[in-house]
Amino acid sequence: MEKITCVGHTALDYIFNVEKFPEPNTSVQIPSARKYYGGAAANTAVGIKKLDVDSELLSCVGYDFKNSGYERYLKNLGINISKLYYSEEEETPKAWIFTDKDNNQITFFLWGAAKHYKELNPPKFNTEIVHIATGDPEFNLKCAKKAYGNNLVSFDPGQDLPQYSKENLLEMIEHTNFLFMNKHEFERALKLLNFDIDDYLKRVDVLIVTKGSKGSVIYTKDEKIDIPCIKAEAVVDPTGAGDSYRAGFLSAYVKGYSLKKCGLIGATTASFVVEAKGCQTNLPTWDMVVERLEKHGFKI
């Protein structure tokens, strides 16, 4: 049986590094374009599988998916894709991701086949954890409600956070066990909900806030755990770092590790991903993660 279901986008990514973002009504030169496999749910599912935990993917993909190479790649990895919905008239979602020299990002996202989420009803989930990533807020909420109480629910609103109404976001959080946000999303959500940390911890079991090069913090009702940033050998592209952190954290959790070790494994998984362009290009194996952690003085 698969251990973790990942719900949300499977997408084709086009990633660009630019010196600076252009002003309106101006242009900026970009280097050559290359296609990468992406989408937050798929990135997390692939990261989990590479760490020796079985995963399945629930996504909407387009008529171009079978011939894109992505379907075959997921099958070859052994990820369960039986819950994919194939659109006959829309393309697979696509993202054009621009990163400046300070690692700020702007993403343009083609919704495409993702419009079909509105027509779908969640299946019965037979996994330990249902991880809900970027995707349609209404469908995500349906999935959270269906899973909560029977499965552990992990939620990462990601860059789709602005698509959630205050009411939807609050209801999602009330049906969540693990809430992941980066520091920007965390600050936005605090303002939207008029929350403080205690308000979150009345509703979720674990709140994880990632802070890029400043590491991450894990909050529970009883403790605050600071997780250091595990240094990458070189930072080439930050795209996908958050998804890989979630993959590492959740994989470690289902293997029975403490929250501190889950955070360290998440941070280490992310340290590999930023070393190459593309969200799935440099995902590590479990042994690679353990070896790097030991080099940094942490025994797993």
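Helices and strands in this tour are DSSP runs, numbered from the N terminus. The model you have open is a predicted one, and the tour goes from a helix inside it to loops, a strand and further helices.

**First stop: helix α1**

Begin by selecting helix α1, residues 40-50, and look at how the rest of the structure surrounds this helix: nine of its 11 residues are buried, so α1 is largely enclosed. If you wish to colour the buried residues, pick Ala-40, Ala-41, Ala-42, Asn-43, Thr-44, Ala-45, Val-46, Gly-47 and Ile-48. Now show the elements that cover these buried residues, which include the strands β1 (4-7), β3 (35-38), β4 (55-58) and β9 (129-132), together with the helices α2 (70-77) and α7 (241-254). Before you move on, select Asp-52, which follows α1 and has a positive phi, near 70°.

**Second stop: α1 against α7**

Keep α1 in view and add α7, one of the elements that cover the buried residues of α1. Two packed helices are described by the angle between their axes and the distance between the axes. For α1 and α7 the angle is about 45° and the axes are 8 Å apart, and that angle makes α1 oblique to α7. The crossing by which α1 passes α7 is right-handed. To see the residues that meet, select Ala-40, Asn-43, Thr-44, Gly-47 and Ile-48 on the α1 side, and then Asp-243, Arg-246, Ala-247 and Ser-251 on the α7 side. Sorted by class, this contact has three nonpolar, four polar and two charged residues.

**Third stop: Ser-55 in β4**

Next, select Ser-55, which sits in strand β4. Is Ser-55 buried or exposed? With a relative accessibility of 1%, Ser-55 counts as buried, because buried means under 20%. Its side chain reaches the backbone oxygen of Ala-45 at 2.9 Å, and Ala-45 is one of the buried residues of α1 that you coloured at the start. Leaving aside residues up to four places away in sequence, Ser-55 touches Glu-2, Ile-4, Ala-45, Ile-48, Lys-49, Ile-79 and Asn-80.

**Fourth stop: helix α3**

Move along the chain to helix α3, residues 137-147, where Pro-137, Phe-139, Asn-140, Leu-141, Cys-143, Ala-144 and Ala-147 are buried. These buried residues pack against β1, β4, β9, β10 and α4, so it helps to display those elements around the helix while you turn the view. At the N-terminal end of α3, select Asp-136, which caps the helix with a side-chain oxygen that lies 3.2 Å from the backbone nitrogen of Glu-138. After α3 comes Gly-149, whose phi is positive, near 100°.

**Fifth stop: Asp-156**

Now select Asp-156, which lies in the loop between β10 (152-155) and α4. Although it belongs to a loop, Asp-156 is buried, with a relative accessible area of 4%. Show its side chain together with that of Arg-246, and you will find a polar contact of 2.9 Å joining the two. Arg-246 is also among the α7 residues that meet α1. Not counting residues up to four places away in sequence, Asp-156 touches His-131, Ile-132, Ala-133, Thr-134, Phe-180, Glu-185, Asp-243 and Arg-246.

**Sixth stop: α4 against α5**

From that loop, go on to helix α4, residues 166-174, and add helix α5, residues 183-193; their axes come within 10 Å and cross at roughly 110°. The two helices are therefore roughly perpendicular to each other, and α4 passes α5 in a left-handed crossing. Select Lys-166, Leu-169, Leu-170 and Ile-173 in α4, which meet Ala-189, Leu-192 and Leu-193 in α5. The residues of this contact divide into six nonpolar, no polar and one charged.

**Last stop: two asparagines in loops**

Finish with Asn-25, which is found in the loop between β2 (11-17) and β3. Asn-25 has a positive phi of about 70° although it is not a glycine, and at 85% relative accessibility it counts as exposed. Then select Asn-103 in the loop between β7 (94-99) and β8 (105-110). The phi of Asn-103 is near 65°, again a positive value in a residue other than glycine, while its relative accessible area of 40% leaves Asn-103 partly exposed.

Note on methods. Residues are numbered from 1 along each chain as its sequence is written. This is a predicted model: local features need pLDDT of at least 70, side-chain atom pairs count only at pLDDT 80 or more; totals for chains, interfaces and linings use all residues. Side-chain values use heavy atoms; hydrogens and water are left out. Axes are lines fitted to C-alpha atoms, for helices over the stretch in contact, and angles run from 0 to 180 degrees between N-to-C directions. Helices (H or I, at least four residues) and strands (E, at least two) are DSSP runs, numbered from the N terminus. Angles under 35 degrees count as roughly parallel, over 145 as roughly antiparallel, 65 to 115 as roughly perpendicular and the rest as oblique. A crossing is left-handed if the near helix is turned anticlockwise from the far one by less than a right angle, and right-handed if clockwise. Contact means heavy atoms within 4.5 Å. Ala, Val, Leu, Ile, Met, Phe, Trp, Tyr, Cys and Pro count as nonpolar, Asp, Glu, Lys and Arg as charged, and the others, Gly among them, as polar. Buried means under 20% relative accessible area, exposed over 50%, partly exposed in between (1.4 Å probe, protein chains only). A polar contact is a pair of N or O atoms within 3.5 Å; within protein, one must be able to donate a hydrogen and the other to accept it, and residues adjacent in sequence count only if both atoms are side-chain atoms.
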